[in-house]
Amino acid sequence: MKIICIGRNYPQHIDELNNERPENPVIFLKPDTAILNKEQAFVIPEFSNQIEHEVELLVKINKVGKYIAPKFANKYYEQIGLGIDFTARDLQSQLKSKGLPWEISKGFDGSAVVGAFFPKSEFTSLENLNFHLEKNGEIVQKGNTNEMIFVIDEIISYISQFYTLKVGDIIYTGTPAGVGIVAPNDVLVGYIEDKKAFELKVM
Ligand code: MG
């Protein structure tokens, strides 16, 4: 399986990182070794002093597809989940400033928290879905899918022009504003609406 991530999909997050609004979805991949199951603790890697949380809605692909039209994209997923795209922001900034690929700052071991998935039928509208992240009991990130620049079906369609989607692939759909640093002993809890998707300790 592969993990496909979308960057810069929420206007307020683009502003907080001083990035430009993209014309097309910004795509990057994480290897399967990046997956951190929701039962595991996240260990801060020694190569970074600035690991930041990015809470994101996840989509799990359940059918092989290539060149999927947006209007048919909803047939390629049944489950929605929540996860964290952990980012070594210091490393990413260094690599970005040199114009180099910043893949290692996003794809390192444990950087892809995968929480619980729920059938999409449990939600009334995927285009008006609230999710949030709590750090040590306080809400630090709050998003609604109605803020997305590219909605789920457009994302699937766009990705599938370049990468064949396969059963079990997971798409990270971008983070809302409020990304921030994590420290040892932090506890991160994620919710889609009122459903708890993960609870994770930082070490
Ligand atoms: Mg992200």
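I44 is found in the loop between strand 3 (35-37) and strand 4 (51-53). The structure described here is a predicted model. With a relative accessible area of 24%, I44 is partly exposed. Although I44 and V202 are 158 residues apart along the chain, their C-alpha atoms are separated by 7.1 Å.

**The sheet containing strand 4**

Strand 4, at the end of the loop that holds I44, belongs to an open sheet of three strands in the order 7-4-12, with antiparallel pairing. The edge strands of this sheet are strand 7 (87-88) and strand 12, each of which pairs on one side only. Two bridges join strand 4 and strand 7 in the antiparallel sense. Within this pair, I51 has A88 in strand 7 as its bridge partner.

**Strand 6 and its partners**

Strand 6 comprises residues 77-85, and seven of its nine residues are buried, so strand 6 is largely enclosed by the rest of the structure. Strand 5 (residues 55-61) pairs with strand 6 in the antiparallel sense over seven bridges. In this pairing K60 stands opposite Q79 of strand 6. Strand 6 is also joined to strand 8 (residues 112-119), by six bridges, and these two strands run antiparallel. Here the bridge partner of I80 is F118 in strand 8. As a general rule, side chains in a regular strand alternate between the two faces of the sheet.

**The four-stranded sheet**

A further open sheet is formed by four strands in the order 10-9-13-14, and its pairing is antiparallel. Strand 10 (138-144) and strand 14 (195-201) stand at the edges with a single partner strand each, so one side of each is left without a neighbour in the sheet. From one strand to the next, the twist averages 15 degrees. Strand 13 (residues 187-192) pairs with strand 14 in the antiparallel sense over six bridges. L188 has L200 in strand 14 as its bridge partner.

The strand pairs for which bridges have been given are collected below.

| Strand pair | Sense | Bridges |
|---|---|---|
| Strand 4 and strand 7 | antiparallel | two bridges |
| Strand 5 and strand 6 | antiparallel | seven bridges |
| Strand 6 and strand 8 | antiparallel | six bridges |
| Strand 13 and strand 14 | antiparallel | six bridges |

**The magnesium site**

The magnesium ion is coordinated by E54 (OE), E56 (OE) and D85 (OD), at 2.0 to 2.1 Å. Along the sequence, the spacing of these donor residues is E-x1-E-x28-D. Both E54 and E56 are buried. Two of the donors can also be placed in the strands already described: E56 falls within the range of strand 5, residues 55-61, and D85 within that of strand 6, residues 77-85.

**The internal cavity**

One cavity of 30 Å³ or more is found in a search of the whole structure. The largest cavity has a volume of about 140 Å³. Its lining consists of 18 residues, of which G7, R8, H13, Q92 and K106 lie nearest the centre of the cavity. Strand 1 (3-7), strand 2 (26-30) and helix 2 (89-97) each supply at least two residues of this lining. The largest share, three residues, comes from helix 2. By character, the lining residues divide into five nonpolar, six polar and seven charged.

**Backbone conformation at R8 and N185**

Most residues other than glycine have a negative phi. R8, one of the residues that lie nearest the centre of the largest cavity, has a phi near 55 degrees, a positive value in a residue other than glycine. R8 is placed in the loop between strand 1 and helix 1 (11-16). At 24% relative accessibility, R8 counts as partly exposed, because that term covers values between the limits of 20% and 50%.

N185 is likewise a residue other than glycine with a positive phi, near 80 degrees. Its place is in the loop between strand 12 (180-181) and strand 13. Strand 12 is an edge strand of the three-stranded sheet, while strand 13 belongs to the four-stranded one; the loop that holds N185 therefore lies between a strand of each sheet. The relative accessible area of N185 is 55%, so N185 is exposed.

Technical notes:
Residues numbered from 1 in each chain as written. Predicted model: local features only at pLDDT ≥ 70, side-chain atom pairs only at ≥ 80, totals over all residues. Heavy atoms only, no water. Donors = N, O, S within 2.8 Å, 3.2 Å for Na, K, Ca; no water. Buried < 20%, exposed > 50% of the residue type's maximum accessible area, 1.4 Å probe, protein only. 1 Å grid on protein atoms, 1.4 Å probe; cavity = no way out; pocket = protein on both sides within 12 Å on 5 of 7 lines; lining within 4 Å. Points joined across faces, edges and corners; volume = space filled by probe spheres on them. Nonpolar A, V, L, I, M, F, W, Y, C, P; charged D, E, K, R; others polar. Pairing = 2+ DSSP bridges. Axes fitted to C-alpha atoms, helices over the stretch in contact; angles between N-to-C directions.
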